[in-house]
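Student: I am new to this structure and should be grateful for a close look at a single part of it. Please explain each term as it arises.

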Amino acid sequence: AETEELRVGSALDAGCGTGAEAIWLAQRGWQVMGADISRAALASAAARAEAAGLTDRVEWVQADLTAWSPGRTWDLVTTHYAHAETGQLAFYRHISSWVAPGGTLLIVGHLHSQPAGGPSSHHDADHDGGPSGHRDHPEHATATTVSITGLFAGPHWQVESCHENTRTVAPGGVRVELNDVVVRLRRT
């Protein structure tokens with residue numbers, strides 16, 4: 001929904017994991033680079049892209065994105081549930097420098113609610129779909145629509161979409177409610 005009205009061009013999936021979003025974009029005509037720190041995840045992503053016949057539309061790069069300097073920009077930079085040791089907001093600020101003028105930054109992250117005085121009321125799920133059982137999340141590992149849009153307040157960014165989403169997944173047949181934060185920005 002967040003990319004369907006964008007003009008197809010070049011895209012970077014920052015923290016691509018096993019490549020689901022990068023492959024999805026490539027299937028829709030984007031020329032995609034998927035970057036991740038995990039060699040094993042990238043090997044899986046490359047195999048999935050090959051099976052889908054998309055090796056000419058997706059390039060895979062192993063990099064520590066918190067320190068990486070790609071030396072180029074993309075029309076779309078997206079990140080889905082990437083967890084950087086530098087913290088979410090610092091990570092988002094860093095990858096925003098890779099968005100071309102007029103381009104889009106799409107951030108999809110976990111929204112970990114913390115009721116006053118206690119741990120969150122739901123379990124998170126690991127990227128492999130299994131329940132993680134983690135109830136407490138470090139402050140730097142989460143972000144809200146307010147904190148993300150505040151980070152990009154100013155004349156160089158325009159907020160185009162900003163919302164929270166709740167979805168239910170059933171890893172191993174156990175229903176788990178997950179909350180996401182989704183922010184789409186355009187570099188002016």
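Which strands and helices do the buried residues of helix 3 pack against?

Tutor: The model is predicted, so local features require pLDDT of at least 70 and side-chain atom pairs count only at pLDDT 80 or more, while totals for chains, interfaces and linings use all residues. Residues are numbered from 1 along each chain as its sequence is written, and side-chain values use heavy atoms, with hydrogens and water left out.

The chain contains 4 helices and 7 strands; these are DSSP runs numbered from the N terminus, helices being H or I of at least four residues and strands E of at least two. Their order along the sequence is β-α-β-α-β-β-α-β-α-β-β.

Helix 3 spans residues 88-96. Its buried residues are Gln88, Phe91, Tyr92, Ile95 and Ser96, where buried means under 20% relative accessible area, exposed over 50% and partly exposed in between (1.4 Å probe, protein chains only). Viewed down the axis, these residues fall within an arc of 135°, so they line one face of helix 3; the arc is that of the directions from the helix axis to the C-beta atoms. To answer the question, the buried residues of helix 3 pack against strand 1, strand 4, strand 5, helix 4, strand 6 (157-169) and strand 7. Contact here means heavy atoms within 4.5 Å.

Aromatic rings deserve attention at this point. Rings of Phe, Tyr and Trp (its six-membered ring) pair if their centres lie within 6.5 Å; planes under 30 degrees apart are stacked, over 60 edge-to-face, and the rest tilted. By this rule there are 4 aromatic pairs. In helix 3, the ring centres of Phe91 and Tyr92 are 6.2 Å apart and the planes meet at 55°, so this pair is tilted. The relative accessible area is 3% for Phe91 and 2% for Tyr92. Phe152 and Trp157 form an edge-to-face pair, with 5.2 Å between centres and 70° between planes; both residues are buried. Arg93 lies over the face of Phe152, 5.0 Å from the ring centre. A charge sits over a ring if NZ of Lys or CZ of Arg is within 6 Å of the ring centre and within 35 degrees of the ring normal.

Helix 3 also contributes to a nonpolar core, a set of buried Ala, Val, Leu, Ile, Met, Phe, Trp, Tyr and Cys residues joined through side-chain atoms within 4.5 Å. The largest such core has 28 residues, of which Leu12, Trp68, Leu105 and Phe152 touch the most other members. At least two core residues come from each of strand 1 (10-14), strand 2 (31-36), strand 4 (74-80), helix 3, strand 5 (99-110), helix 4 (145-151) and strand 7 (176-187). Setting aside residues up to four places away in sequence, Leu105 touches Tyr92, Ile95 and Ser96, among others that include Val77, Phe152 and Trp157. A second, separate core holds 16 residues, including Ile23, Leu54, Tyr81 and Val182.

Helix 1 (residues 20-27) offers a companion view: Ala22, Ile23, Leu25 and Ala26 are buried there. These residues cover an arc of only 160° around the axis, which puts them on the same side of helix 1. They pack against strand 1, strand 2, helix 2 (39-51), strand 3 (58-62) and strand 4.

For the chain as a whole, 45% of the 188 residues count as buried.
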